[in-house]
Amino acid sequence: MSFFKTLATNPTVFGSREVTMAVMQPSSYRVLSRRTCPSFRNSTSLRLIYFGGSSSAFSILNFTHYSTYPSDESFPSSKRRSRGPVMAAKKAAEGEKEGGGKYKHTVNLPKTTFGMRANASVREPEIQKIWDESQVFKRIADRNDGGNFVLHDGPPYANGDLHMGHALNKILKDIINRYKLLQNYKVCYVPGWDCHGLPIELKVLQSLDENARKDLTPLKLRKKAAQFAKQTVKTQMASFKRYGIWAEWDNPYLTLDPEYEAAQIEVFGQMAFQGYIFRGRKPVHWSPSSRTALAEAELEYPEGHVSRSIYAIFRLVSAPPTSGNVLKEFFPDLCLAIWTTTPWTVPANAAVAVNAKLPYAVVEVHSSMEADSISAGNNKRRFGKVLNEVKKPFLIVAADLVPTLEAKWGVKLVVKTILSGSDLENCRYVHPIDGKECPVVIGGDYITTESGTGLVHTAPGHGQEDYVTGLKYGLPILSPVDDDGKFTEEAGQFSGLDVLGDGNIAVAKYLDENLAIIMEESYSHKYPYDWRTKKPTIFRATEQWFASVEGFRQAAIDAIGHVKWIPPQAENRIYAMTSSRSDWCISRQRTWGVPIPVFYHVKSREPLMNKETIDHIKAIIAQKGSDAWWYMALEDLLPEKYRDIASEYEKGMDTMDVWFDSGSSWAAVLGKRNGLSYPADLYLEGTDQHRGWFQSSLLTSIATNGKAPYSSVVTHGFVLDEKGSKMSKSLGNVVDPRTVIEGVGNSKEEPGYGADVLRLWVSSVDYTGDVMIGPQVLRQMSDMYRKLRGTLRYLLGNLHDWKVDYAVPFNNLPAIDQHALFQLENVVRNIRESYENYQFFKIFQIIQRFVIVDLSNFYIDVAKDRLYVGGMTSFTRRSCQTVLVEHLVSITRVMAPILPHLAEDVWQNLPFEYTDEDGLTAKFVFESKWPVLNEERLAFPLEEVEFWGKILELRTEVNKVLEIARIGKSIGSSLEAKVYLRTSDTSMASRLCKMGAADNDADRLHNIFITSQVEVLPHGENEIIQNVLHSGEFLIQGKHKVWIGVSHAEGLKCERCWQYSTKVGSFSEHPTLCGRCYDVVAAQPAPVVAAVS
């Protein structure tokens, strides 16, 4: 039984069913040899190794050659199967001389207008034009009455060309939407674009020269940014259409549309009214290169960042009475040792934090020769001048880190006493730069002994944890750094220096000169960079607007548990991110965005923001767009009641984080458009959106409505090259979706494969992890597409004369045809299940196995005889066509979501009209709906399923013996063979005998084996066996042997069908025909011209 057949009949075969495997030893069966069979002196013996299960058997053929053939010869890669009548008729039709060509007009060859070559660069756009002109997507969605399905589109950023990640994302969405259309859903898919933000603003600025920038007002910048975004949307939209994506392209959502901006203002206002929006001075990620605050989702952490880290010492000046005077004897030479990777933050130092639970040691520093050698020999590590002093200070470090610090500093640290972290609280030290006294405080669990010294330099203006600790102790929030990342005058002697450059160096140098550095070294670690400018960021305390997550965090966590996450581990990821995230900084100091609708009192700086002001601004923006904030007078932006005091206020110039823009799409799109619903049925984006759009959408929706904006979420990985490496222009391994579809000129290295091959690749990968693509992968996809197209063309060609009236009822079909429809029904059912679970790679595998392997290599192979030479109106040809038409319309429909162009191409070439279950003609494939489950076919008896599994297995073994006979030159094609079978299984033998004498030639064994004759021998028959040159044995279900023998067929070769028959020569009118062909020709007197396309 084939793998697929096993899967079709029992999808859980690998899970619940025990499969046993045994290798048959020589003692368990008989190997025919020269010793046991004298007539085998010039023959070939077979040994078959059996792998058995409860209902199927697989065998691996090991063959040993005798006499004439070398022992290392193996089977040729292709079988010489019979193609005689087909090739003869084709040659005759093409005008080539062929013996017996007088019967060519009686051979029913395939006829179809469906081309073998896809010609995708021409045909796919033609099909897309047909869809557009006929408004197929809209018509089907409007007609369907199975309920709504809403997949809400996460907006790509409108600032450049599309990459393979975009293609993966949009094609996955389109596969789902098209499947839902076939399932009778009203699919409403509105594509969107994220149009605001710094990347677009930077693109505009980079396009202008210095003089043009000087004259650039905010309104001029916004106008150029909007133009750039809209043009990019237009370009990207054209690419998405070429991928075959169906969407409401005439009515997309853009975050720059006035109605969208107004909805966003409304979401902001609702959060503000509930107390979730506040203004505060807090440290935030700040990008000096962009001159704006950034959210966590706007950061990246590239490899290879190296910081200048220092081990510095701050001199203690007092200890509280609670320390028990244990430190008194070490004054005035006692210092706190700290470690930091940001020396530039030391001017803003306000405290040193310790962990109350950790033990700390006072250590005495003893010099070591090792220190000098390390200092001289390692450029990445430099020791401070304090180690060269004769009198060295006592240091306080975490007790557990003493051995580590000894090794790193190259000194001997002698422990003088141990005390707890809590004993150090309220000790005071002198600030190493400005000389003021600062406290030792108790920090949180972030203070560990994994690195550093166990004491943390605390600058509340430059770190989130420092800020929290600072609030606890009322520490000053110092941040002497400006928008450009340079020290302000507040930093004294360092004023004007770049904190990430010269400023960092200057601070470290100053500390060393003042004997406050133990060691300086380079430190490689993850460091946040601006994802747009690709330059490092800093933590900097500024006045910003925040969304407080604390007020609705638990509600968000609860909502996460009610969403279906695919893959399931995605839930853990967003849970962890949501449960640990800090307040969301939503303000940006940029021009291109939606303004934060706030006014500030000129003198007090108190913000004015209430329901009246927000509703008024929302109404203005809905009508005029957010540009109004920049060009309208303050008096007009304020509600009427405030106009008399308008001179006392000024409008804020901050814009909203673009994640707030896209995170409001559920309100601006799902909540406003007809045909959509909130929550959406599905969100589908890359795994990076757990901290991006998935989370921002969740937070805004929970904060305002108390529920998640989605019922299910699917995430996919990133696209890598075929070696698993990240794509990079510098590495030259970027795979461009446009190049995949269109190719590069006439290049054979980069041919154009068309959109469907790209879509086929999307279906083939397990997108829940990172996926790979490259030239070799695409060639494999193209090869599968070509084979699939060839199979569909074959089905079309053999239905050129089909009419619905010709259909044979299921109960009247030959057994082979009933079994084929049973398999098809299981295939459709399994594919539907995979679509429902969004497991498209399983569909790819099923189609590959069933259509290309099982269907083509067995059923179609066997069917050709009755299709071509069995008689145009014969029962067996009509029964076969009944099977073929069901396969054609079912396979075409189930593959249509993945390969819509191929499916539509097939549909437009159907040689008959297809009507659905409601009696409606389906002019387009997606009007045909999903195949209805056929219970009659699924009721095919289990014992028959198992029997046909044995037949398929037997056929495989027969083919092996036929190949040996061909190698032995006993036969040429398989039609020259007669097969002998003998089995000890009486039930099996009886069934084989019945098939040998079946009342229809479709079920006869010789046609299933594509041979001329089959004889089933009685169990005791030995004489024939001894005279057969080529034979072998194998086991069925590990119990019953089947002996297979092959000899040359009896009788003469029929000129028409090429089968051998003893009847050839019996008919005076047609002496070269067999009995069947004589009957067909006699009933078909008028010549029929065959055509091949």
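Here is a walk through the fold, from the overall picture to sheets and then helix pairs.

This is a predicted model, so local features need pLDDT of at least 70 and side-chain atom pairs count only at pLDDT 80 or more, while totals for chains, interfaces and linings use all residues. Residues are numbered from 1 along each chain as its sequence is written, and side-chain values use heavy atoms, with hydrogens and water left out.

Let's start with the whole protein. It has 35 helices and 40 strands; helices (H or I, at least four residues) and strands (E, at least two) are DSSP runs, numbered from the N terminus. Of the 1093 residues, 58% are buried, where buried means under 20% relative accessible area with a 1.4 Å probe and protein chains only (exposed is over 50%, partly exposed in between). Contact means heavy atoms within 4.5 Å. Take the contacts between residues at least 6 apart in sequence, and 77% of them join residues at least 24 apart.

Now for the sheets. Two strands pair if DSSP finds at least two bridges between them. One open sheet has four strands in the order β4-β31-β32-β24, with parallel pairing. Its edges are β4 (151-152) and β24 (564-566), each of which pairs on one side only. At the β24 end, β24 and β32 (residues 710-716) pair in the parallel sense over three bridges, and I566 has V714 in β32 as its bridge partner. Helix α5 (residues 164-182) packs on this sheet and touches β4, β31 (680-686) and β32; the direction of α5 makes about 155° with that of β31. For such angles, axes are lines fitted to C-alpha atoms (for helices, over the stretch in contact), and the angles run from 0 to 180 degrees between N-to-C directions.

A three-strand open sheet follows the order β28-β27-β29, and here the pairing is antiparallel. β28 (607-608) and β29 (649-651) are the edge strands, each pairing on one side only. β27 (residues 599-601) and β29 share three bridges in the antiparallel sense, with Y600 bridging to E650 in β29.

Strand β21 (residues 517-524) is worth a look too. β21 pairs with β11 (residues 306-318) in the antiparallel sense over seven bridges, and S522 in β21 is the bridge partner of R308. β21 also pairs with β15 (residues 381-383), again antiparallel, over three bridges; there, R381 has E521 as its partner.

On to the helix pairs. How do α26 and α27 lie relative to each other? The axes of α26 (residues 815-836) and α27 (residues 840-868) come within 10 Å and cross at roughly 165°, so the two are roughly antiparallel (angles over 145 degrees count that way, under 35 as roughly parallel, 65 to 115 as roughly perpendicular and the rest as oblique). The contact includes L824, V827 and I831 of α26 and I843, I847 and F850 of α27. Its residues divide into 14 nonpolar, three polar and three charged. In this count Ala, Val, Leu, Ile, Met, Phe, Trp, Tyr, Cys and Pro are nonpolar, Asp, Glu, Lys and Arg charged, and the others, Gly among them, polar.

The axes of α24 (residues 755-764) and α29 (residues 900-908) come within 8 Å and cross at roughly 125°, so this pair is oblique. A755, D756 and R759 in α24 meet P900, H901 and L902 in α29. That contact divides into three nonpolar, one polar and two charged residues.
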